[in-house]
Amino acid sequence: MKRIVVLGAGFGGLEATLELERAFRHQPGSEILLVSEQNYFLFTPLLPQIASSYINPRHIVQPVRDIRGRRRFDFRRDDVRAIDAAGRRVALASGALEYDHLVVALGSRTDYFGIPGAREHTWDFKSLEDAVVLRERILDICEHADHVADPAVRRQMLTFVVVGGGYTGVELVSEMHDFLFHYVAERYRGIPRADIRLVVLEAAPEILRGVHPKLAQHAAKRLRVEGIEIRLGAKVTRCFPDGIEINGSEIISAETLIWTAGVRAHPLVEALPGPHDRIGRVLVNERLQLEGHPEIFVVGDSAAAASAKDAPRVAPVAIAQGKLAARNIAHRERGEPLEGYQYISQGALVSLGMNYAVVDLAGLKFSGYFAWLFWNAVHLYKLVGLKKQLQVAMDWSLAAIFPRDASIVRRPRRCKLCGTDEAS
Ligand SMILES: Cc1cc2nc3c(=O)[nH]c(=O)nc-3n(C[C@H](O)[C@H](O)[C@H](O)COP(=O)(O)OP(=O)(O)OC[C@H]3O[C@@H](n4cnc5c(N)ncnc54)[C@H](O)[C@@H]3O)c2cc1C
């Protein structure tokens with residue numbers, strides 16, 4: 001019995017598993033096993049809408065067993081601790097697992113570039129838990145600010161700094177803007193609109209790199225019109241519990257710093273043998289195989305493919321690579337020539353909050369309300385499973401009629417006023 005193991009049930013790993021299932025449907029002599037630390041698939045593009053209380057966190061995750069349905073692949077929720085390429089084994093929390101073929105799709109982690117205080121004093125925004133925790137942080141700080149008499153203190157509490165002007169930072173700040181100005185400012189009577197400040201810090205000379213420059217400029221203009229400060233060429237040099245230093249001199253006082261700026265490969269990927277790029281992704285050949293280990297395929301955020309080193313770290317790339325890795329495993333088993341990966345850009349869609357988006361797709365560039373409707377339609381279509389599609393569509397519809405749900409249901413973390421920060 002040949003065992004094919006896929007590590008990670010994100011975009012790349014899930015697609016690889018589903019394609020393996022198709023390719024090996026009529027080969028009972030093979031076993032397909034998907035291993036992931038969570039028992040669900042997370043649809044990351046909608047994470048900013050969790051932070052802004054727009055949609056329910058459960059609606060953007062799909063249990064792997066529900067996705068599996070009647071398919072025959074096995075799933076194990078487990079933590080991968082090590083990959084022994086030479087021994088063709090992976091070490092899981094529950095024990096060792098041998099494989100004949102391995103697909104590594106472990107994603108990426110946040111990189112703080114060694115900036116002093118960044119890891120300790122910023123809020124990460126990568127996982128479902130991060131988004132839920134950030135939502136509670138925003139609500140918690142608003143609850144406190146609501147009855148602070150000193151305007152200077154209140155303004156500092158209501159200053160939110162998003163580090164990183166990429167897709168994630170821009171979509172997140174847009175969502176936060178909607179929530180703070182259209183919900184909080186209308187219901188928290190002690191919070192004047194003028195005291196809410198949203199700042200995006202971007203070290204590069206423009207935001208939204210990868211989007212057509214005209215659309216990126218248009219997006220920046222739109223955010224500024226909404227009152228969001230966009231600081232370009234703003235390199236973060238230090239983070240504090242109550243502020244952030246840029247370019248080694250200027251300090252912005254803020255109690256909530258959110259980090260969306262840097263990404264590094266997963267530590268297990270950095271530990272794989274062979275060459276790696278500057279952000280720790282392993283260099284694989286155009287067929288997505290690890291050097292010296294043709295039985296190991298690496299995909300998605302973990303991989304720098306020889307034929308597409310500059311491909312962005314986005315879901316469509318992970319999906320295409322996951323599919324290709326699965327097909328190449330099938331080709332190897334059948335003694336057929338393997339296929340090479342070519343990056344084909346699928347364009348860019350960026351939501352700038354309620355009723356506005358920019359779209360750069362197949363030569364078409366447009367922005368505004370119809371772009372926003374298009375953004376919604378595409379993301380709804382891409383969500384896995386009819387139930388989730390209906391739930392998110394319902395969340396969006398209800399939000400057009402009723403206020404968002406601003407209940408804090410867990411004790412907020414890292415709050416000195418609630419006594420939950422490390423110092424208290
Ligand atoms: C906030 C946010 C918003 C984004 N928005 C967009 C967007 O709008 N459009 C877009 O195209 N891309 C977006 N992305 C990027 C996109 O999510 C990634 O490029 C994509 O998820 C990469 O797929 P992957 O399969 O490589 O990794 P992931 O999808 O991250 O999957 C990695 C999997 O590995 C599992 N795993 C990790 N470590 C272990 C371990 N030790 N043991 C077991 N399992 C483990 C994880 O739980 C996860 O299931 C966004 C990312 C974030 C964080």
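**View 1. Three strands, β6, β7 and β8, make an open sheet in this predicted model.** The strands follow the order β6-β7-β8, and their pairing is antiparallel. At the edges stand β6 (80–84) and β8 (95–98); each has a single partner strand, so one side of each is left without a neighbour in the sheet. If you compare the strand directions here, neighbouring strands are turned by 20° against each other on average, direction ignored. Strands of a sheet pair through backbone hydrogen bonds, in either a parallel or an antiparallel manner.

**View 2. Here we look at the pairing of β6 with β7.** Strand β7 covers residues 89–92, and four bridges join β7 to β6 in the antiparallel sense. One residue pair to look for is Asp84 and Arg89: the bridge partner of Asp84 in β7 is Arg89.

**View 3. Phe179 and Tyr183 meet as an aromatic pair on helix α7.** The count of aromatic pairs in the model comes to seven. In the pair formed by Phe179 and Tyr183, the rings are stacked, with 5.4 Å centre to centre and 5° between the planes. Both residues belong to helix α7 (residues 167–187), where they are four residues apart, about one turn of the helix. How buried or exposed are these two partners? Phe179 has 1% relative accessibility and so counts as buried, since the cut-off is under 20%. Tyr183, at 12% relative accessibility, counts as buried too.

**View 4. Three phenylalanines gather in one aromatic cluster.** Its members are Phe11, Phe41 and Phe43.

**View 5. Two arginines sit over aromatic rings.** Which ring does Arg222 lie over? Arg222 lies over the face of Tyr356, 3.9 Å from the ring centre. For Arg334, the charged end sits over the ring of Phe24, at 5.9 Å from the centre of that ring.

**View 6. To finish, we step back to the chain that holds these details, with its 12 helices and 26 strands.** The radius of gyration is 22 Å, close to the 22 Å that the globule rule gives for 424 residues, so the chain is as compact as a globular protein of that length. Along the principal axes, the C-alpha atoms fill a box of roughly 70 × 40 × 40 Å. Of the 424 residues, 51% count as buried. Among contacts between residues at least 6 apart in sequence, 65% join residues at least 24 apart.

Conventions: Residues are numbered from 1 along each chain as its sequence is written. This is a predicted model: local features need pLDDT of at least 70, side-chain atom pairs count only at pLDDT 80 or more; totals for chains, interfaces and linings use all residues. Side-chain values use heavy atoms; hydrogens and water are left out. Two strands pair if DSSP finds at least two bridges between them. Helices (H or I, at least four residues) and strands (E, at least two) are DSSP runs, numbered from the N terminus. Axes are lines fitted to C-alpha atoms, for helices over the stretch in contact, and angles run from 0 to 180 degrees between N-to-C directions. Rings of Phe, Tyr and Trp (its six-membered ring) pair if their centres lie within 6.5 Å; planes under 30 degrees apart count as stacked, over 60 as edge-to-face and the rest as tilted. Buried means under 20% relative accessible area, exposed over 50%, partly exposed in between (1.4 Å probe, protein chains only). A charge sits over a ring if NZ of Lys or CZ of Arg is within 6 Å of the ring centre and within 35 degrees of the ring normal. The radius of gyration is taken over C-alpha atoms; the globule rule is 2.2 Å times the number of residues to the power 0.38. Contact means heavy atoms within 4.5 Å.
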